[in-house]
Amino acid sequence: MDQQIIRSAVLLQMYRRTAPATVFGLFSLVLIAIFSFHSFQFANAQAVFGSIVGTVTDSSGAVIPNATVTVTDTSKGTSQQVQTNESGNYTVNRLIPGTYTISVTATGFAQVEANNISVAADTSPQVNLTLQAAGSSQTVTVTSEAPPLKTDRADVAQVLNSQQVQNLPNLNRNFSQFTLLTPGVQRSSFSIDPTENPQGTVATESNGSSYGTVGWMLDGTDNREPVLGLIVINPTLDSISEMKVTSQNYPAEFGGAVGGVVTAQTRSGGNEFHGDAFLFRRSDAQAARDPFTQFQRDPVTGRFIPSSV
């Protein structure tokens, strides 16, 4: 790649001495487009994927290089394999949010498994494993627990998994309502006309920032309307695998946001056949009426409370 850059730069300088200004400008644009294309191929979308990191050691605490680490998605059955480096460290990147099992094998040691490793987007859980000498064929199962402190990044964020998104009370089943559960996020006093807000985005402010500075991303794609900062696609709650609201210290990759960023991932499915069906109905049959404003029936409908669908 470095040789290509040097060769292209030399050709550019030679062509600049002979070509007219307009031709040189066109050539420069083409060259920039080519380099941009190659850069995108090496870009990492950490807002979509997660990763697992850790260190493999023996019972004495000495690191084990060249150990084979296999990370398996429990719902899909897909797996990735990596080798520990000379320091015994390993990193598995580009993991779809979900639950994983880690298996480690090395020559002269018994196999070790760590189960129920939960990986969320833009997170890197650390799973350190210790191998025992192989006196006989055995498998040691380790159940991973959440660390007491987050040491791999400095962002201030809250993650809601699919179960929380689907089961927490949400009167209008509006995805953007869940941003109000994050500390420091409050409803904005700025009001948007419903005709300009067809998705029904909840106007919020994060840690005192003005409305419209909160970024929205869906599956790693910018999901914010550029003028008013509204959400473009307001996904259904059943389609969400997780959402993350980052209010402070978000990475530089979210440079388009000023007052925080809301990232959401859609469910990716698994090997087992499954589906989903639900009925959402708001009715006034079990709703309490306001005794001060709804103390008598409406003369037209004959109801105390306006009928709702």
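Analyst: A residue is called exposed when its relative accessible area is over 50%, buried when this area is under 20%, and partly exposed in between. The model discussed here is predicted.

User: With those terms in hand, is N116 buried or exposed?

Analyst: N116 is exposed, because its relative accessible area of 52% is over the limit of 50%. The residue lies in strand β6.

User: What is the sign of the phi angle of N116?

Analyst: The general idea comes first. Most residues other than glycine have a negative phi. N116 has a positive phi of about 60°, although it is not a glycine. D219 is a further case, with a positive phi of about 55°, and it is not a glycine either.

User: Where is D219 placed, and is it buried, partly exposed or exposed?

Analyst: D219 belongs to the loop between β12 (215–218) and β13. With a relative accessible area of 31%, D219 falls between the two limits and therefore counts as partly exposed.

User: How should the overall description of the chain be read: how many helices and strands are there, and what share of residues is buried?

Analyst: The protein chain has three helices and 15 strands. It has 309 residues, of which 35% count as buried. The accessible surface comes to about 18,900 Å², and carbon and sulfur atoms account for 54% of that surface. As for sequence separation, among contacts between residues at least 6 apart, 60% join residues at least 24 apart.

User: Which residues have the most contacts inside the largest nonpolar core?

Analyst: In general terms, nonpolar side chains in soluble globular proteins tend to be buried together. In this structure, the largest nonpolar core has 21 residues, and I52, Y90 and I102 have the most contacts inside it. Two or more residues come from each of β1 (50–58), β2 (68–73), β4 (89–95), β5 (98–105), β6 (111–119) and β7 (129–131). The most is given by β6, with four residues.

User: What does I52 contact, apart from its neighbours within four places in sequence?

Analyst: Its partners include V71, Y90, V92, L95, Y100, I102, I117 and V119. T91, P125 and V127 are also in contact with I52. There is also a second, separate core of 15 residues, which includes V214, L218, I240 and A264.

User: How are the surroundings of a polar residue in a strand read; for example, is S51 buried or exposed?

Analyst: One looks at accessibility, then at polar partners, then at the remaining contacts. S51 is found in strand β1. It counts as buried because its relative accessibility is 4%, under the limit of 20%. Its side chain makes a polar contact of 2.7 Å with the side chain of S124. Beyond four places in sequence, S51 touches V92, N93, L95, V119, T123, S124 and P125.

User: Which residue joins D58 through a side-chain polar contact?

Analyst: The side chains of D58 and S60 are joined by a polar contact of 2.7 Å. D58 is likewise placed in strand β1. At 16% relative accessibility, D58 is under the 20% limit and so counts as buried. Leaving aside neighbours within four places, D58 is in contact with I64, F109, T130 and L131.

User: How are residues in loops read; where, for instance, does L181 lie?

Analyst: The same reading applies, with spatial distance set beside separation in sequence. L181 lies in the loop between α3 (162–167) and β10 (185–187), and it is partly exposed, with a relative accessible area of 45%. L181 and V245 are 64 residues apart in sequence, and their C-alpha atoms are 9.2 Å apart. Its contacts beyond four places in sequence are with Q158, L160 and L168.

User: Which residues does L228 touch, not counting residues up to four places away in sequence?

Analyst: L228 touches I192, E196, Y211 and G212. The C-alpha atoms of L228 and E196 are 8.7 Å apart, while the two residues are 32 apart in sequence. L228 is found in the loop between β13 (221–222) and β14 (240–248) and counts as partly exposed at 24% relative accessibility.

User: Finally, what lies over the face of F304?

Analyst: R289 does, at 4.3 Å from the ring centre. As for pairs of rings, their description uses the distance of the centres and the angle of the planes. The structure holds one aromatic pair.

Methods. Residues numbered from 1 in each chain as written. Predicted model: local features only at pLDDT ≥ 70, side-chain atom pairs only at ≥ 80, totals over all residues. Heavy atoms only, no water. Core = buried A, V, L, I, M, F, W, Y, C linked by side-chain atoms within 4.5 Å. Buried < 20%, exposed > 50% of the residue type's maximum accessible area, 1.4 Å probe, protein only. Contact = heavy atoms within 4.5 Å. Polar contact = N/O pair within 3.5 Å; in protein donor to acceptor, adjacent residues only side chain to side chain. Areas by Shrake-Rupley, 256 points an atom, 1.4 Å probe, with all protein chains shown as cover. Phe/Tyr/Trp six-rings, centres within 6.5 Å; stacked < 30°, edge-to-face > 60°. Lys NZ or Arg CZ within 6 Å of the ring centre and 35° of its normal.
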